[in-house]
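Me: Before we discuss any terms, please show me the model, and then justify the words you use for it one by one.

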Amino acid sequence: MATLDSKVPSGPLADKWRKHKADIKLVNPANKRKYEVIVVGAGLAGASAASSLADLGYKVKSFVFHDSPRRAHSIAAQGGINGAKNYQNDGDSVHRLFYDTVKGGDYRSREANVHRLAEVSVNIIDQCVAQGVPFAREYGGLLSNRSFGGAQVSRTFYARGQTGQQLLVGAYSSLMRTVGAGTVGLHPQCEMLDLVIVGGQAKGIIVRNLVTGAIERYSADAVVLATGGYGNVFNLSTYARGSNTTAIWRAYRRGACFANPCYTQIHPTCIPVSGEYQSKLTLMSESLRNDGRIWVPKKAGDRLKDPNSIAEEDRDYYLERMYPAFGNLCPRDIASRAAKRVCDEGRGVGTSGLGVYLDFSDAIRRLGENGVRERYGNLFDIYHEITAESAYKVPMRIFPAVHYTMGGLWVDYNLMSNVPGLFVLGEANFSDHGANRLGASALMQGLADGYFVIPYTVGDYLASQKPGSRPSADGPEFKAAEENVLSMTRRFLENKGKEPVSHYHKRLGKIMWEFCGMTRTREGLTKALQLIPALREEFWANVRVPGSADTINQSLEQAGRVADFLELGELMCRDALTREESCGGHFRAEHQYPDGECKRDDEKFGHVAAWEFQGSDKEPLRNIEPLNYESVKMSVRNYK
Amino acid sequence: MVASNSTQPISITLRVWRQAGPQEAGKFVDYQSKDLSPNMSFLEMLDVLNDELTVKGEEPIAFAHDCREGICGTCSCTINGKPHGPGVGVATCQVYMRSFRDGDVVVVEPFRAKAFPVLKDLITDRTAFDKIQEAGGFITARTGSAPDANSILIPKPDADLAMDAATCIQCGACVAACKNASAMLFVAAKVSHLGLLPQGQVERDKRVLSMVHTMDELGFGNCTNYYECSAACPKLISHDFIARMNRDYFKATLRSSFKSESLGASGGA
């Protein structure tokens, strides 16, 4: 059984991080260059970690499966990044950002980690501006802010609709500076396929060079994983096609605990699926709900009619009806579940029946077409580009889509997993967002971990490792891990199956969406736990992976990732089944208040569930880390 | 774009560049792609074709893609001779089958440039861009050393113009569109983004000299003012930035000829 010591420092909440930094062990400058750190992934968390560690004097190796570190999916975040600067003089503070994040996470995050996140949020904005991130400005030259869901202050910094890309370009430019200086060795198009553990500690990785196909071994004094979330287990999501769970999943198979895998966020306003060929779902900014009204026909028979021909009295503005106080602006999870409910009743619109209208005709009457264009023009353009429909003339069709995963590898206060020497940052870890993430907080967490946490805590760990004690990559553990990777590759290529990898990914996605999506039930999850192992068996028996191992082989890459999703999906369902409560993104139909709100059970489930791998054919072990709220009182999350 | 609002499925002949590896000879191969929904994206059409090829026992077409929403800069097909295809201000992943007519022959190639060698089929090696970035595409700001963000005031028009340049997604369409395979628009966007900001002044001269020098070394051509780059750019970045970079480059060259480089920090107590 794994030991889950959160290592949260003692003392008052607001002093913990400062005290911890003062107590932490240091590595002297002459010794720093004797240590090597592997960083896998170069999104916001990975790129910021790699360049910050390199600037401290460590030797860093950065691995990405993309052709350039600047392509990581942090790039797609649109809205913004939170920072408790209180530049608007509207009463914001570190404490308020901390409190909003804990409450938004439905009291399932680790209090001390969240407070630290709020503390360093102010340094992130400074750091990014110094790097040249072109945040939006006011005419006086000061930084501009906007407000975002789940907060009553304006603390979100933004760069048009592409804050993620601008922050990533900032982190990437720092990374490339250190690459140019020779302090970071960059390994693009290298995918991590196994973690190497020597003497109980993470000391290296096995990668496949995606261009030459070569399997390569790398040893280090510490390994940092910043490889993002696992939402593509659903196949269709707002994630990039390449986003995957492989790095963290293979670390899980080597003993790192996987915490709260069932916590997934489903965003209510995405463009619906248009056909079986669909590969990707596109997010439409939540801000549209400020002026758009959501409805479906009252009668199922009207669902394929021209929406403009449906009379006002035949429309069901269901959010306004069910949640009169918040109406169309109710929280993400509630809006998503309500959309599913009306579609389940057979009133969903569009040919698939999986869509609801987001109607701007009232807003156009009120503001004029130009007024609406000024506010949302770029979003209407995106919608038109994808659907060939003008939302000025017919209502948009939207549907919820998987967008973020709050779960991830378990880490302590130092962001180190239960495997010593293995650190996990950003979306790949579990600690800061609890059961639900607020908007504009993902970018903040990635950069907080990479710029301001890991440079301290990696040093604390390395100080306990003798300089130069790094094992050689020729050792037996490296050889065994490499053989593990090679045997999987051989198995794929020698399999004489019939179906392409995508066939199984799609089927897994449908199972996950139906049984482990917006609403989960004991019955459904139990069924999924039978369907997934059967599908996995079929996959291994009947998948076809063409081509060879010694060249670019995208089918082979995808096969490995889907094999991991087929295992992770089962763990998510198991976690969702065991968590007999509803909280944030995890909604169990059996546990709700009469108004459809989540009914938590703090006594029985006020804890983190951290799953421990016990072998391929054995049930994993469910470890528990109790959540002790010292400062905040757990209460019913209420936005009414 | 020949956008049509028809929902009728279409069929096309796809003429695709197939090349097994960097050293192998490539050639065009024809494929029939049938019953395509006009709402399908171009890359989804390739997904479906690849699955069909896999089932038939043929090797699928390798193509670069990731975010599929026009922001990561990975996708990079030249469609009917145009980098990123028939759309304006979009990347390959934002091209939909409604841009084509039933019966069309659609020619698909990788981005072509000496500095972007083909790795396989439609995938090219664009690490040359990373090399240019390494040479100076940054502001040196060591973590933890930044002053308060609002202590640096930036006039809104400057910030907005810097942002216009910063929208570059590093896809390389500008290079593929240029008859000289010049990277001037890319480098100009990077140089302008940082050079327009007060934070970027300290390293401004060094940046432009070093990035331009590296660009030349890596085998990119020069600009002869045809502006195909801006037309192909998925973010429609203006060629005006090239003029700005040339001005910066000229000034930096002039200044550097009067400046003697310090021999470095002397240290000492």
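Reply: This is a predicted model, and in it 6 residues of domain 1 of chain A are in contact with 7 residues of domain 2 of chain A. On the domain 1 side of chain A, helix 9 (residues 332-344) gives the most, with 5 residues, and by class that side has 2 nonpolar, 1 polar and 3 charged residues.

Me: What makes these residues of domain 1 and domain 2 of chain A count as in contact, and where do the two domains lie in the chain?

Reply: Residues are in contact if their C-beta atoms, placed from the backbone, lie within 7 Å, and 6 residues of domain 1 of chain A and 7 residues of domain 2 of chain A are in contact in this sense. The domain assignment places domain 1 of chain A at 266-399 and domain 2 of chain A at 492-605, and their C-alpha centres lie 28 Å apart.

Me: How is chain B divided, and how many residues does each of its domains bring to the contact between them?

Reply: Chain B has domain 1 at 10-120 and domain 2 at 127-258, with 30 Å between their centres, taken over C-alpha atoms. Domain 1 of chain B brings 18 residues to the contact and domain 2 of chain B brings 17 residues; on the domain 1 side of chain B, these divide into 9 nonpolar, 6 polar and 3 charged.

Me: Why are helix 3 and helix 5 of chain B called roughly antiparallel?

Reply: Helix 3 (residues 156-166) and helix 5 (residues 184-195) of chain B pack at an angle of about 155°, with their axes 8 Å apart. Angles over 145 degrees count as roughly antiparallel, and therefore helix 3 of chain B is roughly antiparallel to helix 5 of chain B. Their crossing is left-handed. The contact is made by Ala162(B), Ala165(B) and Ala166(B) of helix 3 of chain B together with Ala189(B), Ser192(B) and His193(B) of helix 5 of chain B, and by class it has 4 nonpolar, 2 polar and no charged residues.

Me: What makes helix 13 and helix 14 of chain A roughly antiparallel as well?

Reply: The axes of helix 13 (residues 501-516) and helix 14 (residues 522-542) of chain A come within 10 Å and cross at roughly 170°. The bound to set this against is again 145 degrees, over which an angle counts as roughly antiparallel, so helix 13 of chain A and helix 14 of chain A are roughly antiparallel to each other. Among the residues making this contact are Leu508(A) and Ile511(A) of helix 13 of chain A, and Leu531(A) and Leu535(A) of helix 14 of chain A; by class the contact has 11 nonpolar, 1 polar and 2 charged residues.

Me: How do you know that strand 3 and strand 4 of chain B pair, and why does strand 4 stand at an edge?

Reply: Pairing needs at least two bridges between two strands, and 2 bridges join strand 3 (residues 77-79) of chain B to strand 4 of chain B, the two running antiparallel. Across this pair, Ile79(B) stands opposite Lys82(B). The open sheet in chain B has 5 strands in the order 2-1-5-3-4, with mixed pairing. Strand 2 (27-36) and strand 4 (82-83) of chain B each have a single partner strand, so one side of each is left without a neighbour in the sheet, and both stand at the edges.

Me: Which strands stand at the edges of the open sheet of 4 strands in chain A, and why?

Reply: That sheet has the order 16-10-18-19, with antiparallel pairing. Strand 16 (408-409) and strand 19 (621-626) of chain A stand at the edges, because each has a single partner strand and so lacks a neighbour on one side. Strand 18 (residues 607-612) of chain A pairs with strand 19 of chain A over 6 bridges in the antiparallel sense, and Trp611(A) stands opposite Arg622(A) there.

Me: How many residues does each chain bring to the contact between chain B and chain A?

Reply: Chain B brings 67 residues and chain A brings 64 residues. Helix 1 (42-56) of chain B is among the elements that each supply at least two residues of the chain B side, and helix 1 of chain B gives the largest share of that side, 7 residues.

Methods: Residues numbered from 1 in each chain as written. Chains lettered and ligands numbered in written order. Predicted model: local features only at pLDDT ≥ 70, side-chain atom pairs only at ≥ 80, totals over all residues. Domains from an automatic or database assignment. Contact = placed C-beta atoms within 7 Å. Nonpolar A, V, L, I, M, F, W, Y, C, P; charged D, E, K, R; others polar. Axes fitted to C-alpha atoms, helices over the stretch in contact; angles between N-to-C directions. Parallel < 35°, antiparallel > 145°, perpendicular 65-115°, else oblique. Left-handed = near helix turned anticlockwise from the far one by under 90°.
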